[in-house]
Each structure stands twice: as structure tokens, then as C-alpha cells.
Amino acid sequence: MTSWYQRKRTRELALVACFLAPALTIFFLYRLLPLGWNVLLSFQSWSPLKAAAWIGVDHYEEMLLDDDVFWDALTNTLIFIGCSPIAIALALAIALLVNSDLRGAAIYRTIVFLSYPLMTVAVGIIWRWLYDERGGFFNYVLRSSGVIDQPVKFLQSFDWALPCVIAADFWQVLGFYMIILLTGLQSIPQHLYEAARVDGVPASARFWRITLPLLRPSIFLCIVVGILNSFTSFDLVYVMTNGGPGHATELLITYIYKVGFGQSRFDYAAALTVVQFLLLVVLTMLANRLAGGNAGSLER
Amino acid sequence: MRRAPSWPRHAIMLVVSFLMLVPFYWVVKTSLTGENIYAYPPHIVPVDPHLFHYVDVWYLIPFPRYLLNSVIVTAMAICGNLLFNTAAGYALTKQFPGRRWVVLLFLSCMLIPFQATIIPAYLITSWLGVLNSYLGTALPLLSTIICIFIFKASFEAVPRSLIDAARVDGLSEWRIIVRIMLPLSKSAIATNVILTFIWSWNAFLWPLIVIRTSEMQTLPLGLARFLSVMEDTTGALFAFVVMVLVPGLTIFLMAQKEFIRGLTTGATKG
């Protein structure tokens with residue numbers, strides 16, 4: 001009897017191992033190993049044609065002291081992340097409007113969300129065209145309404161390029177923030193509002209005292225999405241400006257791509273990646289602290 | 001209870017909807033219009049509309065080829081995900097030594113965004129010898145951690161008594177999965193298919209790194225290449241954009257609820 005049970009147990013363990021193997025292999029090869037390799041590579045001097053040699057923190061020294069583009073890219077990435085609260089606030093306003101028993105709310109929700117699942121490369125091309133100085137929508141509207149006399153080359157301008165890319169990004173992610181916040185709004189128990197109403201609490205206080213505190217996990221999730229978004233916005237920047245003019249719209253991720261695959265400096269690109277990853281971890285932890293530490297609960 | 005009138009809210013939402021829809025309209029208009037797209041002022045309605053640009057895209061650029069490549073890579077990613085994630089999810093419902101470590105490993109991998117791995121990922125793929133191939137393009141997308149956990153939760157929700165009854169009836173482990181677990185996990189399957197479809201269909205950075213020749217390019221790469229060759233000088237570019245967006249939009253409008261649920265579950269990518 002025991003041997004039958006043992007055989008069955010061994011077979012079950014073999015099954016478990018076989019079932020886990022493919023997924024574990026993929027994540028080992030494409031997540032864990034690359035992360036470790038990045039760190040290793042960042043302390044080495046290496047290229048496909050040259051043997052590896054330890055050089056200590058030389059790459060980091062170069063990055064922090066001599067590399068202006070790195071600082072541009074870092075600043076732009078931080079601006080990109082720093083602007084996401086504006087989009088979240090807009091999305092919250094829209095979510096509050098379409099959450100109530102407004103007729104046709106479902107249609108509004110669909111329209112606002114429609115742009116989120118689109119291919120980002122295509123979104124970049126659409127917005128590039130909207131900003132165009134001749135056939136573009138914005139120049140047409142601004143010129144025909146008399147705000148400007150001369151067409152503005154939005155994406156070729158050092159002042160306008162970054163805000164323009166961020167606006168295009170807002171257009172795409174707004175609907176996603178809205179959906180996250182709507183889910184949060186719908187999980188707030190209605191009786192809290194009723195009790196507050198009975199006590200004569202004004203609407204603004206209901207918002208600040210009930211809605212906002214209870215939305216904290218959803219807002220945290222939005223902020224994390226916003227942080228990640230600055231890393232995934234490679235497609236948008238690549239198509240709209242490719243980091244230009246100069247490096248006015250360069251993000252860390254586009255710079256890493258250029259250094260790695262444009263200049264074949266894999267070791268330096270690895271050091272940049274390590275910095276980018278640390279930035280991500282620190283910002284996410286910070287956001288988690290601000291949200292009260294229990295914000296992961298929404299991610300079911 | 002006195003309610004505020006609803007028309008101000010409708011007014012605001014109409015303005016918002018207008019702003020959200022203008023980009024779509026502008027690109028469709030440009031793809032249809034017969035006028036010189038650089039003529040100023042541009043017309044609001046397409047002048048002399050025609051479909052030549054769409055025909056151009058189909059015949060002059062290898063659009064069918066890009067489409068085929070995209071479909072193959074996406075299909076591979078979806079099959080891989082369903083197979084590997086259900087398997088891993090099922091394994092995690094069992095007790096085995098080291099289970100805690102496996103879960104911990106998955107959870108920590110979830111914190112590593114793919115964008116932060118591109119340099120070594122490229123070196124590993126080249127070492128595996130699958131650069132510039134469908135397999136190499138799909139490989140990092142073949143499994144999704146968040147979906148493994150979704151499947152695990154879904155399998156654990158299957159009533160114990162049902163599984164025991166099936167065992168008593170002599171069903172093998174394999175058939176229990178196929179005949180009982182999977183049919184009861186339809187929503188998990190839908191979530192996984194949708195997430196994988198979106199991520200692999202729209203994937204740009206990874207294919208840009210792995211794919212070298214134009215006949216292996218997927219739709220987003222084809223689009224970027226067309227842009228770099230032609231700039232935005234022709235309406236065909238915008239016809240191309242519309243043709244690329246239509247499949248995704250159609251699927252989204254058909255399965256909106258599953259779509260939104262799937263995307264919110266996978267919010268931070270797995």
C-alpha cells in the first residue's frame with residue numbers, strides 16, 4: 001500500500017516539475033538572468049568583439065559626470081512620470097462624471113477607453129500628423145481661430161516637443177486610468193455616502209473625506225501604471241520624434257536603445273538599464289508608502 | 001432628494017468624447033481624401049474621397065506579408081501562453097517541496113519590466129540562435145506570470161467534490177484538466193487570450209531588436225519602416241494606420257467587457 005502511494009506521489013511530483021518547467025525556463029531566461037547579467041555587464045568593459053574586463057564603476061562615473069544626454073534623458077523621464085498625476089486627475093473627473101446614473105455613460109466610457117488598446121506605433125503616427133504644421137489639426141484650429149499667425153512646428157520645437165509627446169501619451173492612457181478609478185469607485189460602499197448625506201455633510205467634504213481616501217489603492221495602481229508608462233513609451237517617442245530635436249524628448253529607454261543597438265555599447269547600455277531599474281523600484285516603493293502600504297490589495 | 005440637472009455633465013462628456021475621437025477622424029479623413037494632404041487649409045470633410053490609398057498599401061508595400069508575420073507571432077504567443085500558463089497554474093495548486101520558492105520566484109519576476117532586460121535578452125536570443133525568426137520574436141511572450149496566478153485561482157475555485165467524483169469515475173489527471181478544469185475556467189482563458197493578443201500584436205521594441213530582414217517584419221515594424229522611408233508625405237501612410245488599427249478595434253468592440261477586465265487585471269504587466 002505504501003509503495004503504491006509513494007509511486008503515485010513520485011508521479012505527481014514529476015508531473016508538477018514538467019508542468020512548471022516551460023514557464024520557469026522562460027522567466028529565468030528573459031527576466032532573472034538578464035537582470036543579473038545587466039548588473040554584471042555594467043561593471044565590465046565588453047563588446048561582442050572584445051573579451052570582458054572588469055573596470056569597476058567606470059561606466060557609472062562616465063554616466064554621472066560626463067554624459068549630458070543621460071541627464072537629459074533622466075530629466076525627461078522624471079518629467080514624463082511627474083506629469084502623470086495630471087492625467088490621473090483628469091481621469092478621476094471623468095470617472096466621477098460617468099460613474100453616476102448618467103444616461104449613456106456606457107457609451108462615454110467606451111469612447112474614452114477606445115484609444116488604450118491601440119498599437120502605440122500607430123498612435124504615434126496619428127499624433128505626429130495632428131501636430132503637422134500644414135495638414136495637422138492643431139495648427140489648423142489655432143490658425144483659423146486667430147490664436148497664431150504662423151504655423152508652429154510643434155515636434156521640431158525644443159519647447160513644445162516634450163509636452164506634445166506627453167499629451168499624445170495622455171490621450172492613450174486616460175481611458176485606462178478611468179477604468180481603474182471606476183472599479184475603485186464602485187467598490188466604495190454606498191451606505192457611507194447615505195450616512196454622510198443624512199448628517200448633512202456637503203458634497204465637497206464627501207469627496208475629500210470619503211471618496212478620495214477610499215480610492216487610495218486605485219490611485220496607487222494608476223501611479224504605478226504611470227511610472228511603468230515612462231518605460232513603455234519607447235514606441236511613441238521612437239515614432240514621433242526619435243528623441244529629438246536634439247535630445248529634448250529623449251527618455252532613458254530610448255537612450256538605452258540608441259546606446260545599445262545604435263552604438264553597440266552593450267556594457268554602457270547595461271549600466272544605464274541598472275539605473276533605470278533602480279529608479280523604477282525606488283519610485284514604486286515611494287508610491288506604495290504614500291498609498292499607505294496596502295495598495296497591492298487591488299491587484300487581486 | 002433634489003438632483004442636479006444632468007445636462008452640464010452631458011455637455012462636459014460630449015466635449016471629452018469629441019476630443020478623444022478627433023484623432024481617429026483626422027486620420028481616417030486624411031486616408032480617404034483626394035486632395036494634396038499638405039494643402040492649407042485642410043478640409044474638414046474629405047474632398048473627392050477614394051480608396052486608392054488602401055489599394056496602394058495592400059499591393060505596393062508587403063502588407064499581406066506583415067500581416068501574416070504578425071498573425072503567426074501572435075498565434076504562437078497565444079498558444080504558448082495557454083499551454084504553459086495552464087500547466088504552471090495547475091502545478092501551483094498542488095503541494096510539493098519548494099513550492100514557496102517557485103511562487104516567490106514568479107512574484108519577483110513580475111517586478112522586472114521587460115524593457116529593463118533588453119540588452120541581455122538580445123544576447124541570450126542570439127546565443128540561442130533564434131534571432132530574426134518567429135520563435136525568437138515570440139519567445140519572451142510565451143508565458144505571462146499574472147495569467148499563471150489567474151489560472152491558479154480559477155483552478156482552486158473548482159469544487160473539490162467535482163474532482164473527487166471524477167477520480168472515483170477513473171478519469172486520469174490529464175482528462176480532469178481538459179474535461180473539468182478548463183471548461184470551468186473560461187473567463188481566465190478569455191483574459192489570457194486578450195492580454196496576450198494585445199501585447200504581442202502591438203509589440204514594437206522587442207521585434208525591432210530581434211528582426212533583421214524586411215520579410216520577417218511584423219505590422220508595427222512595417223509601419224515604422226514605411227514612415228521612415230516615405231515620411232508623412234502620402235495618404236497611404238494613414239490608410240496603413242487605419243488598416244493596422246481595424247482588427248484590434250473590431251475585437252475590442254466585440255468583446256469589450258472581457259477586454260476591460262483583462263487589461264485591468266494585467267495592469268502592471270506580468
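Reader: What has to hold for two residues to be in contact, and how many residues does chain A bring to its contact with chain B?

Author: Two residues are in contact if their C-beta atoms, placed from the backbone, lie within 7 Å. In this predicted model, chain B gives 71 residues to the contact, and the number from chain A is 74.

Reader: Which helix supplies the largest share of the side of chain B that touches chain A?

Author: That side of chain B divides into 53 nonpolar, 13 polar and 5 charged residues. The largest share, 12 residues, comes from residues 7-32 of chain B, which form helix α1.

Reader: How are α12(A) and α13(A) oriented to each other, roughly parallel or roughly antiparallel?

Author: The axes of helix α12 (residues 252-262) of chain A and helix α13 (residues 266-290) of chain A come within 8 Å and cross at roughly 165°. Angles over 145 degrees count as roughly antiparallel, and therefore α12(A) and α13(A) are, to each other, roughly antiparallel.

Reader: How many of the residues in the contact of α12(A) with α13(A) are charged?

Author: On the side of α12(A) the contact includes Leu252(A), Tyr255(A) and Ile256(A), while α13(A) contributes, among others, Phe266(A), Ala269(A) and Leu272(A). The residues of this contact divide into 8 nonpolar and 3 polar, and the number charged is none.

Reader: What is the radius of gyration of chain A, set beside that of a compact globule of 300 residues?

Author: The C-alpha trace of chain A spans about 75 × 65 × 30 Å along its principal axes, and 44% of the 300 residues of the chain count as buried. A compact globule of 300 residues would have a radius of gyration near 19 Å, whereas the value for chain A is 25 Å.

Notes
Residues are numbered from 1 along each chain as its sequence is written. Chains are lettered from A and ligands numbered from 1 in the order in which they are written. This is a predicted model: local features need pLDDT of at least 70, side-chain atom pairs count only at pLDDT 80 or more; totals for chains, interfaces and linings use all residues. Axes are lines fitted to C-alpha atoms, for helices over the stretch in contact, and angles run from 0 to 180 degrees between N-to-C directions. Helices (H or I, at least four residues) and strands (E, at least two) are DSSP runs, numbered from the N terminus. Angles under 35 degrees count as roughly parallel, over 145 as roughly antiparallel, 65 to 115 as roughly perpendicular and the rest as oblique. Ala, Val, Leu, Ile, Met, Phe, Trp, Tyr, Cys and Pro count as nonpolar, Asp, Glu, Lys and Arg as charged, and the others, Gly among them, as polar. The radius of gyration is taken over C-alpha atoms; the globule rule is 2.2 Å times the number of residues to the power 0.38. A residue is buried if 20 or more other C-beta atoms lie within 10 Å of its own, exposed if 12 or fewer, and partly exposed in between; C-beta atoms are placed from the backbone.
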